[in-house]
Amino acid sequence: MLCNIQAMALVGWRLCKLYDKGTMTLGHASLGKLWITLKARETVTLGWELLGSNGILADFLVTKVCTLCSRNFNTLVLVI
């Protein structure tokens, strides 16, 4: 799960760098969003498998992120 979260952050960082240079295309943005969404869903699924059987507890950071991600995948918010 940590690898997925780190990879999503790095893809987003790279897209920001491309945007700042002015070389990012709509294809880059679309593929980046698609890939980040797929990894977010995978991470949420793993989190629910690990912590979901106990119910939704506010004590676990992963459960908070899973709840936020499952509400709306278009806006991924990581709470740290």
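**Exercise 1.** In this predicted model, state which helix holds Leu 31, classify Leu 31 as buried or exposed, and find the surface patch to which Leu 31 belongs.

*Solution.*
Step 1. Locate the residue: Leu 31 is in helix α2, which covers residues 26-51.
Step 2. Classify the residue. The relative accessible area of Leu 31 is 59%. Exposed means over 50%, so Leu 31 is exposed.
Step 3. Find the patch. Leu 31 joins Leu 34 and Leu 38 in a nonpolar patch on the surface. Together the three leucines have about 320 Å² of accessible area.

**Exercise 2.** Place Asn 4 in its helix, decide whether Asn 4 is buried or exposed, and list its contacts beyond four places in sequence.

*Solution.*
Step 1. Asn 4 belongs to helix α1, residues 2-21.
Step 2. With a relative accessible area of 11%, Asn 4 falls under the 20% limit and is therefore buried.
Step 3. Setting aside neighbours within four places in sequence, Asn 4 contacts Lys 39, Glu 42 and Thr 43.

**Exercise 3.** Determine how many salt bridges the model has, which residues form a salt bridge with a closest N to O distance of 3.4 Å, and how its partners are placed along helix α2.

*Solution.*
Step 1. The count is 1 salt bridge.
Step 2. Glu 42 pairs with Lys 39, and their closest N and O atoms are 3.4 Å apart. The cut-off is 4 Å, so the pair qualifies.
Step 3. Glu 42 and Lys 39 are 3 residues apart in helix α2, which means that about one helical turn separates them.
Step 4. Glu 42 has a relative accessible area of 36% and is partly exposed. Both Lys 39 and Glu 42 are also among the contacts of Asn 4.

**Exercise 4.** Describe the setting of Val 11: its helix, its exposure, its contacts and its C-alpha distance to Lys 33.

*Solution.*
Step 1. Val 11 sits in helix α1.
Step 2. Its relative accessible area is 24%, and Val 11 is partly exposed.
Step 3. Leaving out neighbours within four places in sequence, the contacts of Val 11 are Gly 32, Trp 35 and Ile 36.
Step 4. Val 11 and Lys 33 are 22 residues apart in sequence, with their C-alpha atoms 9.1 Å apart.

**Exercise 5.** Assign Leu 46 to a helix and an exposure class, then give its separation from Met 1 in sequence and in space.

*Solution.*
Step 1. Leu 46 is part of helix α2.
Step 2. The relative accessibility of Leu 46 is 32%, so Leu 46 counts as partly exposed.
Step 3. Leu 46 and Met 1 are 45 residues apart in sequence, while the C-alpha to C-alpha distance is 7.2 Å.

How values were computed
Residues numbered from 1 in each chain as written. Predicted model: local features only at pLDDT ≥ 70, side-chain atom pairs only at ≥ 80, totals over all residues. Heavy atoms only, no water. Patch = residues over 30% accessible without salt bridge, like charges linked within 9 Å, V, L, I, M, F, W, Y side chains within 5 Å. Areas by Shrake-Rupley, 256 points an atom, 1.4 Å probe, with all protein chains shown as cover. Salt bridge = Lys/Arg side-chain N within 4 Å of Asp/Glu carboxyl O. Helix = DSSP H or I, 4+ residues; strand = E, 2+ residues; numbered from the N terminus. Buried < 20%, exposed > 50% of the residue type's maximum accessible area, 1.4 Å probe, protein only. Contact = heavy atoms within 4.5 Å.
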